[in-house]
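Trainee: Hi, have you got a few minutes to go through this one with me?
Mentor: Sure, put it up and ask away.

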Amino acid sequence: MENNNYETLFDKLQENPELMSSLLAAKQEGPVRAGGEDPTAQILKQLLGTGATAEDVSKAAESIDANALMQLYLGAGGDIDAKELLDYTGGFKGTNPNNSDSVRALMNGKLEFKELLILIALFKLMTGGKKPAANTYSNTGGLLGSMLGGNTQQSSALNLFNSMLSQQPAQPASSGLFGNLFTSAMPQQSSNVFSLGGSGNSAANSVLQSLLTGTSTNTTGQLLSSLLGANSHNAYNSNGTINVGTLFNVANALLNAKK
């Protein structure tokens with residue numbers, strides 16, 4: 001199958017963002033039963049049309065997994081809205097209608113989708129997974145104490161935060177979105193500074209406390225803490241998803257601060 005057929009695949013996703021939701025649901029279904037067809041492959045076969053071979057479907061799946069917007073959308077696991085993401089970024093055609101530095105960086109590989117997932121996780125930590133009242137951030141200390149004490153929603157966000165960090169490279173480049181934020185705030189007890197399992201949880205809690213209370217001595221940490229607080233009131237849409245504009249605006253500010 002020619003490359004333009006895969007472009008047609010992305011055209012279909014652009015025209016109907018609900019198809020992205022279907023792909024997400026398919027990926028979340030879990031292991032395929034013996035003898036069954038992978039749910040994602042089923043959807044891709046339908047999108048590619050009659051005559052699509054198993055190899056065509058496999059290459060289409062690779063194209064999906066390699067695309068920055070799809071990586072972000074699928075990685076967010078339903079925390080962002082597909083249509084809003086496409087509208088804000090210009091979608092797979094890369095038009096960038098808002099002329100956003102962070103959108104441009106995501107498309108050219110200078111910003112990793114996992115870094116945006118960390119921002120999503122931090123917003124969820126701050127708000128407990130709910131759209132906050134205007135003064136929520138002023139009571140961050142109490143929120144953090146509740147979170148570390150085992151509040152279900154906030155613990156879930158903490159797990160997401162830990163998961164995102166554990167997937168990061170062992171030594172992130174200083175030019176990354178967060179720079180040396182975590183390497184300077186966490187004790188390096190192993191070769192992977194993002195390994196937060198076991199006793200590492202106390203280090204994660206230390207990072208979170210410094211970020212969410214604004215007490216970090218790290219310049220990037222102070223900026224991130226300030227940005228999260230200033231944008232917490234509009235971090236969520238009415239449907240419960242993270243506001244894509246807010247997400248990229250915070251990323252813009254972090255990127256611009258490193259210039």
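**Salt bridges, aromatic pairs and confidence**

Mentor: Let me start with aspartate 11, which counts as partly exposed because its relative accessibility is 30%. Keep in mind that this is a predicted model.

Trainee: OK, and which residue does aspartate 11 form a salt bridge with?

Mentor: Its partner is lysine 93, and the closest N and O atoms are 3.2 Å apart. Aspartate 11 sits in helix H1 while lysine 93 is in the loop between H6 and H7, so the pair ties together parts that are 82 residues apart in sequence.

Trainee: Is lysine 93 buried or exposed?

Mentor: Exposed, at 59% relative accessibility.

Trainee: How many salt bridges does the structure hold?

Mentor: There are 6. One of them joins the side chains of aspartate 65 and lysine 27, at 3.4 Å from N to O. That pair links distant parts of the chain, with aspartate 65 in helix H4 (residues 54-66) and lysine 27 in helix H2 (residues 18-27), 38 residues apart. Aspartate 65 is partly exposed at 39% relative accessible area, and lysine 27 is partly exposed at 38%.

Trainee: What about arginine 104, where does that lie?

Mentor: In helix H7, along with aspartate 101, 3 residues apart, or about one turn of the helix. The two form a salt bridge with the closest N and O atoms 3.0 Å apart.

Trainee: Why does that spacing suit a helix?

Mentor: An α-helix has 3.6 residues a turn, so residues three or four places apart point the same way. As for exposure, arginine 104 is partly exposed at 35%, and aspartate 101 is partly exposed at 26%.

Trainee: Switching topic: how many aromatic pairs are there?

Mentor: A search of the whole structure gives 2. In one, the rings of phenylalanine 10 and phenylalanine 92 have centres 5.0 Å apart and planes at 55°, so the pair is tilted. Phenylalanine 10 belongs to helix H1 (residues 3-15) and phenylalanine 92 to the loop between helix H6 (82-89) and helix H7 (101-108), so this pair ties together parts 82 residues apart in sequence. Phenylalanine 10 is buried, with a relative accessible area of 14%.

Trainee: And which residues form the stacked pair?

Mentor: Tyrosine 88 and phenylalanine 248, at 5.7 Å centre to centre and 15° between the planes. Tyrosine 88 is in helix H6 and phenylalanine 248 in helix H14 (residues 244-257), 160 residues apart. Both tyrosine 88 and phenylalanine 248 are buried.

Trainee: How many residues does the largest nonpolar core have?

Mentor: It has 60, and Leu13 and Leu119 have the most contacts inside it. Helix H8 (residues 113-127) gives the largest share, 10 residues.

Trainee: What does leucine 119 touch?

Mentor: Leaving out residues up to four places away in sequence, its contacts are Leu177, Phe178, Leu224, Leu247, Val250, Ala251 and Leu254. Leu224 is also among the buried residues of H13.

Trainee: Last topic: where is confidence lowest?

Mentor: In helix H9 (residues 140-148), with a mean pLDDT of 38, whereas H6 is highest at 97. Over residues 134-152 the pLDDT is below 50, though this stretch has 29 contacts in the model beyond near neighbours in sequence. Residues 168-174 are also below 50, with 18 such contacts. Where pLDDT is low, the predicted coordinates should not be read in detail.

Trainee: And what does the protein chain average?

Mentor: A pLDDT of 75, with 63% of the residues scoring at least 70.

How values were computed
Residues numbered from 1 in each chain as written. Predicted model: local features only at pLDDT ≥ 70, side-chain atom pairs only at ≥ 80, totals over all residues. Heavy atoms only, no water. Phe/Tyr/Trp six-rings, centres within 6.5 Å; stacked < 30°, edge-to-face > 60°. Helix = DSSP H or I, 4+ residues; strand = E, 2+ residues; numbered from the N terminus. Buried < 20%, exposed > 50% of the residue type's maximum accessible area, 1.4 Å probe, protein only. Core = buried A, V, L, I, M, F, W, Y, C linked by side-chain atoms within 4.5 Å. Contact = heavy atoms within 4.5 Å. pLDDT = per-residue confidence, 0-100. Salt bridge = Lys/Arg side-chain N within 4 Å of Asp/Glu carboxyl O.
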